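Subject: Structure for you to look at

Hello,

Here is the structure I promised. Please open it and keep it beside this email as you read.

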Amino acid sequence: MTPVLIDTDPGIDDAVAIMFALKAGLDVKGVTAVSGNLQADRTSINALKVLELMGAAHIPVARGNQTPLVRPYPKDPFSHGDDGLAGTGLPEPTTPLDPRSAPELIVELAQRHAGELVVLALGPLTNLALALRKDPDLAGRIEHLYLIGGAYGLNEYAYRRATGDNPVSEWNVYVDPEAAKEVFDSGLPITALGLEVVTHPAMELREHDLERLRRSTRPEARFLLDVTAFVRRRGFASYCGLIDSLTVAAALDPSIITTQRHHVAVETTGTVTLGQTVIDVREHFRWEHLPQLDIAAAADHDRMLTMLVDALTSDVDTTLAATSAPR
């Protein structure tokens, strides 16, 4: 099985994505917590809560920086609840955090699984940028990076549902644009899932999905129902709890997304455009020095939703499905 590392900032959609990854059988070797939806002291604890709920406490969780690389931690305009998990009341974890820092764990897993490790980056890219600084050969050790990040203007939802704290940015890049630039420039093979696909109206739980979740006795199915109720009470749609799960689906089956390859720049100095991801599609005078990313332009949302609900309602025990990861 392909070894996987999840770099994440739980957060409601991150929690659902971790559950999805485990239930779908991804070989998760480690989880690294980054400051994004909340700061890393809380996202790391929330990651432990989710893993314990799923019977996967053997997977190490390492904590990253409290702040982005060079700027203060910004206030998220979207609240994930007092506990960061939609007020679901998951118990405090009994499993300790891994003694390694998040960048250290990334580097060690990439060295141990050189050429094989797939990274799912569900939050800002601070941990990955620091890991790249720690190991200059890291980009050559990682098989692929799937990330939630950016708004590329490939359809109207890139900006209509912008999640950063300005009209044209996505939250993960907005939080730490300098880290995003370093990761994009690193030579890593990257597939970026931006707001075009992760906030698309088709990314909505259908009534038959909700009914299947209601009939299930699985705690992870109940968690998604609680998350959906939480966002709807606040006037948002169910996609808010599903955003990161599309990355898991793409890692399981890359054909679920259709990509375009573009040169991409990250705005790090703008006042109304901080964190904007700008693609250069000019016929003439294109900036060829910019890094190229594979950007998701479309997705089979129906198939993704079916995969997610199938996984969360399955009676497969995560403790059996997950592969043990050495600490």
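Start with helix H11, residues 219-233. This is a predicted model. H11 has 15 residues and reaches 21 Å from its first C-alpha to its last. That is close to the 21 Å expected at 1.5 Å a residue.

Which residues of H11 are buried? They are Glu 220, Ala 221, Phe 223, Leu 224, Leu 225, Val 227, Thr 228, Phe 230 and Val 231. A general point helps when reading such a list. An α-helix has 3.6 residues a turn, so residues three or four places apart point the same way.

What covers the buried residues of H11? The cover includes H1, helix H10 (207-215) and helix H13 (301-313). Just after H11 comes Gly 235, with a positive phi of about 90 degrees.

Now the sheet. It is open and has nine strands, with mixed pairing. The order is S3-S2-S1-S4-S5-S6-S9-S7-S8. S3 (61-63) and S8 (277-280) stand at the edges. Each has a single partner strand, so one side of each is left without a neighbour in the sheet. From one strand to the next, the twist averages 30 degrees.

Look at S1 (residues 3-8) next. It runs parallel to S4 (residues 117-121), and four bridges join the two. Ile 6 stands opposite Leu 120 in S4.

Two helices lie across this part of the sheet. H1 (residues 12-23) crosses S1 and S2 (27-33), at about 170 degrees to S1. H2 (residues 40-53) lies across S1, S2 and S3, and runs at about 175 degrees to S3.

Best wishes

Notes. Residues numbered from 1 in each chain as written. Predicted model: local features only at pLDDT ≥ 70, side-chain atom pairs only at ≥ 80, totals over all residues. Heavy atoms only, no water. Pairing = 2+ DSSP bridges. Axes fitted to C-alpha atoms, helices over the stretch in contact; angles between N-to-C directions. Contact = heavy atoms within 4.5 Å. Expected span 1.5 Å × (residues − 1). Buried < 20%, exposed > 50% of the residue type's maximum accessible area, 1.4 Å probe, protein only.
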